[in-house]
Every structure is written in C-alpha cells, then in structure tokens.
Amino acid sequence: MMPPKGKKQYHCQTLTLDMLSSLPENVIDDILVRLPLRDVVRTSILSKKWRYNWCRLPELALDQTLWITKKDLMYFTHKFTKIVNHIMRFHDGPITKFTLFIPYLERSPNIDKLIRFLRRNGIRHLVLRLPIRGNPYELPPSFFTCFELRHLTLQNCSVQPPPACRGFDRLISLELRDVTISSKLLESLISHCLLLEQLVLQISSALSDVIGINAPMLRSFDFTGSMSSICLKRSPLLAKLSLMHREYYVAARKSDIAEFFESFSALEYLHLNDMSFVAGAGEIPTRLSFNLNCVKHLRISSIFLGCWDEVACALCLIKSFPYLQYVEIKVERDDNDIPALECLDVERFSDVSFNHLREVKLIQTNGTIPEMQLMKLLLAVSPGLERMLIEPCLVEDSAAVRLLAELTKFQRASPEAEVVYNLDKHPYNRPV
C-alpha cells in the first residue's frame with residue numbers, strides 16, 4: 001500500500017534533512033559559510049539539531065543581501081543593531097573572518113561594540129567597507145588591539161591609532177580604500193607589517209608628503225592615486241605591480257623611469273593605466289640600463305600614441321623586458337598622431353627582437369596611422385609571436401576591410417603569427 005502523497009513528500013524531506021544532519025560538523029560549517037547570512041540563520045528552524053548551528057560559524061558576513069527592499073533601508077539602523085546584538089548574544093566560539101559591506105547609506109552605523117566583540121573572539125580576517133557618502137567612520141581604540149589580524153580591508157574609515165599602538169605585526173594582506181590617514185601614519189603602519197605580502201592602496205586625494213613603502217616581504221602591490229605620492233623603498237620580492245595613476249595637481253613631480261623600476265628585479269606582472277607619470281621627467285632612454293628578466297606580462301590600459309613621451313616610455317619598457325610573453329595595450333583616441341611615428345619606425349628596431357613574445361592584444365583601435373605602425377612593428381620584431389588580437393572601436397565594414405588589407409601586407413617575423421580582428425558578430429572576425 002502506497003503512502004499518501006503528502007506523507008511521502010514529508011518523508012523525503014525528513015530523510016534529506018537527516019542525511020544532512022549526519023554530516024560531520026566541519027562539513028556542515030563549510031556548507032553554511034557559503035550561504036548568505038539571512039539563509040544561514042533560517043536553517044535554525046529546520047530542527048533542534050540545526051537550531052544553533054549558525055552560532056558556531058567562524059565566518060560571518062553582513063552585506064547587501066540583508067538589505068534588499070526599501071523598507072530594509074528605511075529602518076536600517078534598527079535592523080542592523082538588532083542583527084549585531086543577536087550575533088553578540090548567541091554566537092559561541094571564534095570568529096576568524098567577518099565582513100561588513102554597506103556602501104550606499106548616508107552615514108556609517110556605530111560599530112564600536114561589534115569591533116570589541118570581534119577582538120575578543122580572535123578576528124583574523126576583517127573587511128569593513130562602509131558608506132562612501134558622509135563622514136568616514138573613526139575606528140575605535142579596540143580596533144588597534146586586534147593583534148591576531150592576518151588580512152584587513154578598510155573603506156571610508158578614519159585611522160587614528162593611539163600613541164601606544166605597535167601596529168599589526170602578523171598582517172599578510174592590507175587593503176585601504178579612501179581611508180583618512182596621514183602620510184606619516186600610513187608609512188609607519190606599513191613598515192610595522194613585516195610579513196605583509198599583498199598591499200592595495202586607493203588614495204583619492206593628494207597627500208602632503210611622499211609615502212615610503214618599506215615592505216621586504218611584499219609580493220603584490222596595487223596602487224590607485226598620484227604616483228608622486230609614493231616611493232617604493234625596499235620590496236625585493238615584488239612580483240605583481242599595478243599602478244593606476246591619478247594626478248590631483250598640475251605641478252606634480254614626475255618619476256624618473258630608470259630610477260623608478262631599478263629595484264624591481266623579481267617583477268613578473270606589470271599593469272600601468274597611464275604613462276604620463278614617467279613621461280616628461282627628463283630625457284627618456286631607448287631602453288633601461290638594466291634588464292628586468294622576470295617580467296612576463298605587461299598591460300598598458302591607456303596610452304596616447306600621438307604623445308612622443310608616452311610612446312617612448314612604453315617602448316623603453318618593452319625593450320627592457322627580454323622575456324616578455326604577453327602585451328596588452330589600450331589605445332586612447334588622439335587627433336595628434338604624427339609625433340609618435342618616428343618612435344614606431346621599424347628601422348629603429350633593427351637590433352631588437354622580442355624573442356619570447358607570444359601574444360599581443362590591442363584594444364580600442366581605429367586603424368589610425370600610429371596604430372597601424374605599432375602593429376607593423378610588433379609583427380616584424382617578434383619571431384615567436386602566435387597571436388595578435390585586435391579589438392577595434394570602429395564597426396564599419398569598409399574600415400574593417402581596409403585595416404585587414406593593410407595587415408596582410410605587413411612582414412611577420414613569425415610564420416605562425418595570426419592576426420584576429422575580434423568584433424562580436426562581425427563578418428571579418430577571423431584570423432588573417
């Protein structure tokens with residue numbers, strides 16, 4: 001005799017729940033930490049066994065998934081306080097990772113009690129991404145006694161450590177975005193993080209003094225701001241460098257290209273969004289007096305081919321990376337395209353060969369004379385090239401035909417090199 005349909009469905013749900021409940025605690029915890037906190041807490045109604053499972057989770061996140069509706073945002077302060085109090089009352093055990101992400105409110109909530117609670121529970125990975133509007137949240141004194149921290153992310157916070165603060169000597173990664181802190185304090189904070197391997201700085205205003213980055217274990221540095229505000233003093237292990245240059249005043253100091261790159265002997269990946277921070281800093285050499293043999297990947301996300309200094313700087317770097325394998329260049333529209341032609345003349349590279357270059361990607365091209373000259377140059381001096389990918393701005397068939405016809409005429413040092421004109425659903429989206 002078959003059980004009624006309702007009972008059968010209930011029996012299946014109970015069986016599934018019993019199977020989940022029989023899993024080891026660490027497996028259940030691993031499942032729960034991947035769910036939004038709203039759903040995690042809801043599992044407490046499944047059964048008595050599940051009622052307090054969420055209370056032992058070592059990782060918690062309060063983010064936008066908790067404030068979806070307009071009503072949630074209207075009563076945000078009340079709801080946020082209720083959630084925090086609930087966590088502090090019922091959570092039992094260490095909290096090794098905590099994320100607070102509320103970027104779109106008018107002002108930051110008061111989280112001083114939460115910070116003290118996290119400190120007592122052994123916080124190691126802390127993410128505070130607070131509202132980008134309004135005044136920054138001033139970190140309380142208890143924050144500076146979170147000595148177990150390994151990973152720290154702060155956004156729109158005011159960092160004013162007490163005089164007795166000795167920093168975070170166990171920190172491995174540090175990310176600061178639009179924080180309020182003096183140059184002197186920032187330099188001191190970084191220098192006391194002797195184990196620091198990953199550093200992200202986003203500085204949206206000009207600093208009064210240059211920040212000296214002294215981090216002997218640093219392997220990755222991502223910087224957004226004015227390049228005249230930083231000086232990399234000692235980072236012998238640095239392998240990944242991303243520089244998003246933003247200038248905040250006209251008379252900013254330019255960086256000498258050779259002086260800037262001379263200490264990066266371990267560098268493998270370089271991303272530059274703007275060549276202007278070195279362009280105009282004096283005479284630009286055809287190549288550096290030293291080679292950076294570890295660089296394999298170069299990305300330039302903004303270059304004006306009509307600017308002689310910017311093109312000269314880019315070529316200087318490419319020549320100084322003898323084992324370069326991948327180049328990506330995004331071209332900016334520039335009506336003044338004549339000055340760079342001399343730099344891009346193939347005859348000036350008669351003694352140069354990019355033997356290890358395998359792939360080139362050119363973005364936002366329009367088929368201008370300097371762009372075509374750059375393509376011609378890279379095809380002519382790269383005997384190991386396998387692929388040149390072109391992602392154009394233009395979509396007119398006549399322009400595409402003209403560009404492809406020109407490309408077929410260019411001499412290629414590599415018999416295996418193919419040029420792909422990549423435009424979605426374009427009839428000329430094929431190798432040539």
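Glu371 is in contact with Leu305, Val331, Gln364, Thr365 and Asn366, leaving aside neighbours within four places in sequence. The model is a predicted one. Glu371 sits in helix 10, which spans residues 369-380. Its relative accessibility is 4%, so Glu371 counts as buried, the cut-off being under 20%. The side chain of Glu371 also has polar partners. One of its polar atoms lies 2.6 Å from the backbone nitrogen of Asn366. The side chain also reaches the backbone nitrogen of Gly367, at 2.7 Å.

Now go back along the chain to helix 6, residues 112-120. Its buried residues are Leu114, Ile115, Phe117 and Leu118. They cover an arc of only 160 degrees around the axis, which puts them on the same side of helix 6. The spacing along a helix helps here. An α-helix has 3.6 residues a turn, so residues three or four places apart point the same way. What do the buried residues of helix 6 pack against? Their partners are helix 5 (76-90), strand 2 (97-101), strand 3 (125-129) and strand 4 (137-138). Turn to the other side of helix 6, and Lys113 and Arg120 are exposed. Just after helix 6 comes Gly122, with a positive phi of about 75 degrees.

A last stop is Ala258. This residue belongs to helix 8, residues 257-261. Ala258 touches Leu288 and Phe290, not counting residues up to four places away in sequence. Ile284 is 26 residues from Ala258 along the chain. The C-alpha atoms of Ala258 and Ile284 are 8.9 Å apart.

Note on methods: Residues are numbered from 1 along each chain as its sequence is written. This is a predicted model: local features need pLDDT of at least 70, side-chain atom pairs count only at pLDDT 80 or more; totals for chains, interfaces and linings use all residues. Side-chain values use heavy atoms; hydrogens and water are left out. Helices (H or I, at least four residues) and strands (E, at least two) are DSSP runs, numbered from the N terminus. Buried means under 20% relative accessible area, exposed over 50%, partly exposed in between (1.4 Å probe, protein chains only). A polar contact is a pair of N or O atoms within 3.5 Å; within protein, one must be able to donate a hydrogen and the other to accept it, and residues adjacent in sequence count only if both atoms are side-chain atoms. Contact means heavy atoms within 4.5 Å. The arc is that of the directions from the helix axis to the C-beta atoms.
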